[in-house]
Amino acid sequence: NFSLHDQACFVISKFGPKAKPAVPTLIEWVRTRKSGTPTNEISALGLIGPEARDAVPVLAGALKNPLLRQNALCALAGIGPGAEKAVPAVIEILKESATNTAAIEVLFRVGPPAKEALPVLREIESRETGILRALAAVAITRIEEANPERALPLLIEVLKQGPLASGPIWTFEFLTLGNGGSVAVSLGPSETAAWFLAELGI
């Protein structure tokens, strides 16, 4: 059931950065929720964006829980450069599973402060193919503040394959006033390539 608690998370998230005063309460809810999992609280923090950077330690802790990991990665990506302190935990996730596209996105969003992730990203770029190689290249260019056109051929190659492109699905969530409180949106490799081409302004 979509509880009053979950409705509060939805309403808070709609205010975006203006909901910064609610961040301490959301952090406390993540730490203390006794029934269910605090996925909506975590999603709301991500939708508040950079103003929720005080939540980075609790979100980094949530990465240890497989049930919360993807939500926490999405939230850290929403916070962006302010999520720098979570970079070591994100690196460990990529060492365990290089196919976690949400983890690569966090490093892309953090940008230059994520320099310690360059070795693992370079390893992914050299070892993997398709969308994983392309996303690693995109993240590297953002972290190094290099010309994004370096990643352009790799993204276009995936985009040209269309629905035939192979690789992991990139999934992220939006809070809704529906069953469960959120809806998952999944993009295939070619759709992910198109998304990041737009992000790079190419």
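A polar contact is a pair of N or O atoms within 3.5 Å; within protein, one must be able to donate a hydrogen and the other to accept it, and residues adjacent in sequence count only if both atoms are side-chain atoms. One such contact, of 3.1 Å, joins the side chains of N100 and Q70. Please keep in mind that this is a predicted model, where local features need pLDDT of at least 70, side-chain atom pairs count only at pLDDT 80 or more, and totals for chains, interfaces and linings use all residues. Residues are numbered from 1 along each chain as its sequence is written, and side-chain values use heavy atoms, with hydrogens and water left out.

**Confidence**
- The protein chain has a mean pLDDT (the predictor's confidence in each residue, from 0 to 100) of 86, with 88% of its residues at 70 or more.
- Over residues 176-182 the pLDDT is below 50.

**Around N100**
- N100 lies in the loop between helix 6 (87-96) and helix 7 (101-110); helices here are DSSP runs (H or I, at least four residues), numbered from the N terminus.
- N100 counts as buried (under 20% relative accessible area, 1.4 Å probe, protein chains only) because its relative accessibility is 11%.
- Leaving aside neighbours within four places in sequence, N100 is in contact (heavy atoms within 4.5 Å) with R69, Q70, L73, I93 and L94.

**Helix 2**
- In helix 2 (residues 23-32), the residues V23, L26, I27 and V30 are buried.
- Seen down the axis of helix 2, its buried residues fall within an arc of 100° (taken from the directions from the helix axis to the C-beta atoms), so they line one face of the helix.
- These buried residues of helix 2 pack against helix 1 (4-14), helix 3 (39-48) and helix 4.

Note on methods: Buried means under 20% relative accessible area, exposed over 50%, partly exposed in between (1.4 Å probe, protein chains only). Helices (H or I, at least four residues) and strands (E, at least two) are DSSP runs, numbered from the N terminus.
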